[in-house]
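User: Hi! I have a model open on my screen and would like to talk through how its inside is put together. Could you go through it with me?

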Amino acid sequence: MEKVVEVVRIKQIVVEREEYLKNSIKSPKDAAKLVMNEIGDEDREVFLVLVLNVKNQVNAIYRCHVGSINASIVHPREVMKVAILNNGASIIVGHNHPSQNLEASPEDIEVTKRLVEAGQLMGIELLDHVIVSENNFNSLKEKGYL
């Protein structure tokens with residue numbers, strides 16, 4: 001007979017990291033630097049959500065999804081959930097391209113558009129979507145997709 005396990009509660013554990021809490025995100029470069037530090041050298045695509053307060057300070061960093069070497073499936077529901085749980089006024093999302101090719105794929109552009117729409121409905125603005133490698137980045141805001 002198999003044992004059945006049921007999830008009855010989800011608990012979020014917040015780990016405060018002083019190096020992020022005192023700094024405001026003022027530009028795509030600021031966001032990209034933070035994302036590069038977290039996932040720039042990963043060997044698979046990782047999708048991060050930076051949750052910001054009204055002063056553009058980081059409230060939370062959430063590793064939303066880990067994918068394969070060339071894909072990561074992201075749903076707006078998962079992104080917005082972390083923004084709500086961490087009292088986010090806005091968000092910046094980012095992911096890495098292990099290939100080092102920083103061009104936005106059609107899927108990257110589509111998920112960005114979906115996050116903008118979801119954010120508009122919920123009052124949580126998507127400020128940028130950055131694609132990073134170990135030492136470089138591409139901002140979808142700067143490219144005109146936001």
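User: Which residues touch the most other members of the largest nonpolar core, and which element gives the largest share of this core?

Analyst: Happy to help; keep in mind that this is a predicted model. The largest nonpolar core has 17 residues, and those touching the most other members are Phe-47, Val-49, Val-51, Val-79, Ile-91, Val-93 and Leu-115. Two or more residues come from each of β1, β2, α3, β3 and α4. The largest share is four residues, and the element that gives it is α3.

User: Where do the buried residues of α3 sit around its axis, and how wide an arc do they cover?

Analyst: The buried residues of this helix are Pro-76, Val-79, Met-80, Val-82 and Ala-83. They lie on the same side of α3, because the arc they cover around the axis is only 155°. Arg-77 and Leu-85, on the other side of α3, are exposed. A general point helps here: an α-helix has 3.6 residues a turn, so residues three or four places apart point the same way. The arc you asked for is 155°.

User: What do those buried residues of α3 pack against?

Analyst: Helix α3 spans residues 76-85 and lies across β1, β2 and β3, at about 35° to β1. Another helix, α4 (residues 106-122), packs on the sheet too, touching β1, β3 and β4. The buried residues of α3 pack against β1, β2, β3 and α4.

User: In what order do the strands of the sheet run, and which strands stand at the edges?

Analyst: Five strands make an open sheet with mixed pairing, in the order β2-β1-β3-β4-β5. Each edge strand has a single partner, so one of its sides has no neighbour in the sheet. The edge strands are β2 (58-66) and β5 (137-139).

User: Which pairs of strands are antiparallel or parallel, and what is the bridge partner of Ser-90?

Analyst: β1 (residues 46-52) and β2 pair in the antiparallel sense over seven bridges, and Leu-48 has Arg-63 in β2 as its bridge partner. β3 and β4, by contrast, run parallel and are joined by seven bridges. In β4, the bridge partner of Ser-90 is Glu-125.

User: Is Ile-91 buried or exposed, and what is its relative accessible area?

Analyst: Ile-91 lies in strand β3. Leaving aside neighbours within four places in sequence, its contacts include Val-49, Val-51, Val-79, Met-80, Ala-83 and Leu-126. Met-80 is eleven residues from Ile-91 in sequence, and their C-alpha atoms are 8.8 Å apart. Buried means under 20%, and Ile-91 is buried because its relative accessible area is 0%.

User: Which residues does Val-49 contact, beyond its neighbours within four places in sequence?

Analyst: Val-49 is one of the residues that touch the most other members of the largest core. Leaving those sequence neighbours aside, its contacts are Ala-60, Ile-61, Tyr-62, Cys-64, Val-79, Val-82, Ile-91, Ile-92 and Val-93.

User: How many residues are in the second, separate core?

Analyst: Among the members of this second core are Val-35, Val-58, Val-130 and Val-132. Val-35 is also one of the buried residues of α2, and in β4 seven of the eight residues are buried. The number of residues in the second core is 16.

Technical notes
Residues are numbered from 1 along each chain as its sequence is written. This is a predicted model: local features need pLDDT of at least 70, side-chain atom pairs count only at pLDDT 80 or more; totals for chains, interfaces and linings use all residues. Side-chain values use heavy atoms; hydrogens and water are left out. Two strands pair if DSSP finds at least two bridges between them. Contact means heavy atoms within 4.5 Å. Axes are lines fitted to C-alpha atoms, for helices over the stretch in contact, and angles run from 0 to 180 degrees between N-to-C directions. Buried means under 20% relative accessible area, exposed over 50%, partly exposed in between (1.4 Å probe, protein chains only). The arc is that of the directions from the helix axis to the C-beta atoms. A nonpolar core is a set of buried Ala, Val, Leu, Ile, Met, Phe, Trp, Tyr and Cys residues joined through side-chain atoms within 4.5 Å.
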